[in-house]
Amino acid sequence: MNTNSPLISLALPRGRLFEQLAPLLCRSGVALQDSDGDARSLTIEREGWRLLFARPRDVALFVERGVADFGVAGKDCLLEDPRQVVEVMDLRTGACRLALAVPGPLPAVGLPVIRRVATKYPRLATRRLADLGIAVEVLTMHGSVESAPGLGLADGIVDLVQTGSTLRANGLTEAVSLLDSTARLIANPVAFRLRDAHVRAWIEQLRVAVEETESHG
């Protein structure tokens, strides 16, 4: 990236998703370093980039409000907390699924009786379960939802699943997959409309990096 060009401001999620995204973003020219995932700084300016680090659910807010021109957010976050942003590209990484999970093994036929679920995704849980004809009370939790069935708070949970190891560790079994999610490049509508040549070039580099990553499995 030409350091004489205006800074590209990019909001990135902290945590596991950042770790999965970093190699892809580096191949597209984003000036990331290995230590950025653990850095205490919330904003870093480096080699033509202004990088802002946020909780995954806050990235789209940063982009909507123009704090960042671009950002990377999971599709699950974009659907749970809709914002006025442009979804530019599916980055085809950070794959996970929103799933209904219940304690113990599943019955041979159908689902166990579920009257109440705990989740960090009340909007999506309510909508997706209703689409399946499952009417339940949805409890919003901000901590570890896996604990809810064991504490008697809920009959099941709706949460993001990648490998399923956390579910198994808590005696839970995935019953129904409700939504597949991957990371998306998003943009502030004004910034996207006014993007200049070097921004367009970066987006194209990112598109190529995505395609190359997918082709190499």
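## Helix α4 and the residue that follows

In this predicted model, G133 adopts a positive phi of about 75 degrees just after helix α4. The helix itself covers residues 122-131, and L124, A125 and L129 are buried within it. Viewed down the axis of α4, these buried residues fall within an arc of 115 degrees, so they line one face of the helix. The face turned away from that buried side carries A130 and D131, which are exposed.

The cover over the buried residues of α4 includes one helix, α3 (75-80), together with several strands. Among these strands are β6 (96-103) and β7 (116-119), which precede α4 in the sequence, and β8 (137-140), β9 (156-161) and β10 (172-181), which follow.

## Packing of α1 against α8

Two packed helices are described by the angle between their axes and the distance between the axes. For helix α1 (residues 16-27) and helix α8 (residues 197-215), the angle is about 125 degrees and the axes lie 8 Å apart. Because angles of 65 to 115 degrees count as roughly perpendicular and those over 145 as roughly antiparallel, α1 and α8 are therefore oblique to each other. The crossing of α1 past α8 is right-handed.

On the α1 side, the contact is formed by L24, L25 and R27. These residues meet L206, A209, V210 and T213 of α8. By class, the contact of α1 with α8 comprises five nonpolar residues, one polar residue and one charged residue.

## E19 in helix α1

E19 also belongs to helix α1. Its relative accessible area is 58%, and since exposed means over 50%, E19 is classed as exposed. E19 and D36 are separated by 17 residues in sequence, and their C-alpha atoms are 9.7 Å apart in space.

## The chain as a whole

The chain has eight helices and eleven strands as its secondary structure. Its C-alpha trace spans about 60 × 35 × 30 Å along the principal axes. The chain contains 217 residues, of which 44% count as buried.

The contacts can also be described by separation along the sequence. Among contacts between residues at least 6 apart in sequence, 70% join residues at least 24 apart.

Note on methods:
Residues numbered from 1 in each chain as written. Predicted model: local features only at pLDDT ≥ 70, side-chain atom pairs only at ≥ 80, totals over all residues. Heavy atoms only, no water. Axes fitted to C-alpha atoms, helices over the stretch in contact; angles between N-to-C directions. Helix = DSSP H or I, 4+ residues; strand = E, 2+ residues; numbered from the N terminus. Parallel < 35°, antiparallel > 145°, perpendicular 65-115°, else oblique. Left-handed = near helix turned anticlockwise from the far one by under 90°. Contact = heavy atoms within 4.5 Å. Nonpolar A, V, L, I, M, F, W, Y, C, P; charged D, E, K, R; others polar. Buried < 20%, exposed > 50% of the residue type's maximum accessible area, 1.4 Å probe, protein only. Arc of directions from axis to C-beta.
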